[in-house]
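Where does this chain pack, where does it leave space, and where is it cross-linked? The report below takes these topics in turn.

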Amino acid sequence: MINANTQADINLSTVKTAKRANIISLFTSGSTLICCALPATLVAIGSAATLASLVSNFPQLVWISEHKPLVFGLAGAMLAIAGYLQWQARTAPCPTDPKLAIICNSTRRNALIIYLLSVTVFGIGAFFAFIAPLLI
């Protein structure tokens with residue numbers, strides 16, 4: 001039989017797992033900015049020489065740009081997983097201990113903010129990768 005403290009730890013663990021998934025999704029979404037938004041921005045502001053220098057120092061940027069459907073697919077999958085975990089954690093009860101309840105609510109709020117930031121970053125990257133080239 002599971003006592004109340006163990007159940008509270010399990011629920012807090014669910015919230016922390018969602019937060020970890022959201023942080024990972026932020027990094028994967030960030031890769032979409034590196035692949036598409038950064039080069040487009042540098043060229044738009046007339047810093048093509050800076051972009052050439054950046055690519056010569058970090059040749060992986062070329063691979064990421066060449067495989068942008070894969071990058072966006074992985075980032076989208078991670079966002080979907082993080083969104084699902086965020087959805088699951090939204091109803092997880094917080095512990096009855098006031099200090100743990102504050103931590104639980106704070107963690108839940110921070111996880112949501114990180115997730116929304118990840119979705120925003122993904123959207124900006126998708127715009128520069130797939131929509132902006134059609135507008136030019």
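## Nonpolar core

The largest nonpolar core holds seven residues in all: Cys 35, Cys 36, Ile 64, Val 71, Phe 72, Ala 126 and Ala 129. Helix 1, helix 4 (68-89) and helix 5 each give two or more residues to this core. The model is predicted.

Ala 126 is one of the core residues. Neighbours within four places in sequence aside, Ala 126 is in contact with Phe 72 and Ile 131. Phe 72 is itself listed in the core.

## Largest pocket

The largest pocket encloses about 170 Å³ of space. Its lining includes Cys 35, Cys 36, Pro 39, Ala 40, Thr 41, Val 43 and Ala 44. Phe 128, Ala 132, Pro 133 and Ile 136 also line the pocket. Cys 35 and Cys 36 thus appear in the pocket lining and also in the largest nonpolar core.

Which helices supply at least two residues of the lining? They are helix 1 (4-44) and helix 5 (98-135). Helix 1 gives the largest share, with seven residues. By class, the lining has ten nonpolar residues, one polar residue and no charged residue. Thr 41 is among the lining residues, and Thr 41 counts as polar because Thr is outside the nonpolar and charged sets.

## Disulfide

How many disulfides does the rule count? The count is one. The bond joins Cys 94 to Cys 104, with an S to S distance of 2.1 Å. The two residues are ten residues apart and link distant parts of the chain. Cys 94 sits in the loop between helix 4 and helix 5, and Cys 104 sits in helix 5.

The link of Cys 94 and Cys 104 is left-handed, at -70° about the S-S bond. Are its two ends buried or exposed? Cys 94 is partly exposed, because its relative accessible area is 22% and buried means under 20%. Cys 104 has a relative accessible area of 0%, so Cys 104 is buried.

## Two serines of helix 1

Ser 25 lies in helix 1. Its relative accessible area is 0%, so Ser 25 is buried. Not counting residues up to four places away in sequence, Ser 25 touches Met 78, Leu 79, Ala 82 and Ser 118. Ser 25 and Ala 75 are 50 residues apart in sequence, yet their C-alpha atoms are 6.7 Å apart in space.

Ser 31 also lies in helix 1. Is Ser 31 buried or partly exposed? Ser 31 counts as partly exposed, because its relative accessibility is 21% and the buried class ends under 20%. Leaving aside neighbours within four places in sequence, Ser 31 is in contact with Ile 64 and Val 71. Both Ile 64 and Val 71 are listed in the largest nonpolar core. The C-alpha atoms of Ser 31 and Ala 75 are separated by 8.0 Å, and the two residues are 44 residues apart along the chain.

How values were computed:
Residues are numbered from 1 along each chain as its sequence is written. This is a predicted model: local features need pLDDT of at least 70, side-chain atom pairs count only at pLDDT 80 or more; totals for chains, interfaces and linings use all residues. Side-chain values use heavy atoms; hydrogens and water are left out. On a 1 Å grid over the protein atoms alone, a cavity is a set of points where a 1.4 Å probe fits but cannot get out, and a pocket is an open set with protein on both sides within 12 Å along at least five of seven lines; lining residues have an atom within 4 Å of a point. Grid points are joined across faces, edges and corners, and a volume is the space filled by probe spheres set on the points. Helices (H or I, at least four residues) and strands (E, at least two) are DSSP runs, numbered from the N terminus. A nonpolar core is a set of buried Ala, Val, Leu, Ile, Met, Phe, Trp, Tyr and Cys residues joined through side-chain atoms within 4.5 Å. Buried means under 20% relative accessible area, exposed over 50%, partly exposed in between (1.4 Å probe, protein chains only). Contact means heavy atoms within 4.5 Å. A disulfide is a pair of cysteine sulfur atoms within 2.5 Å.
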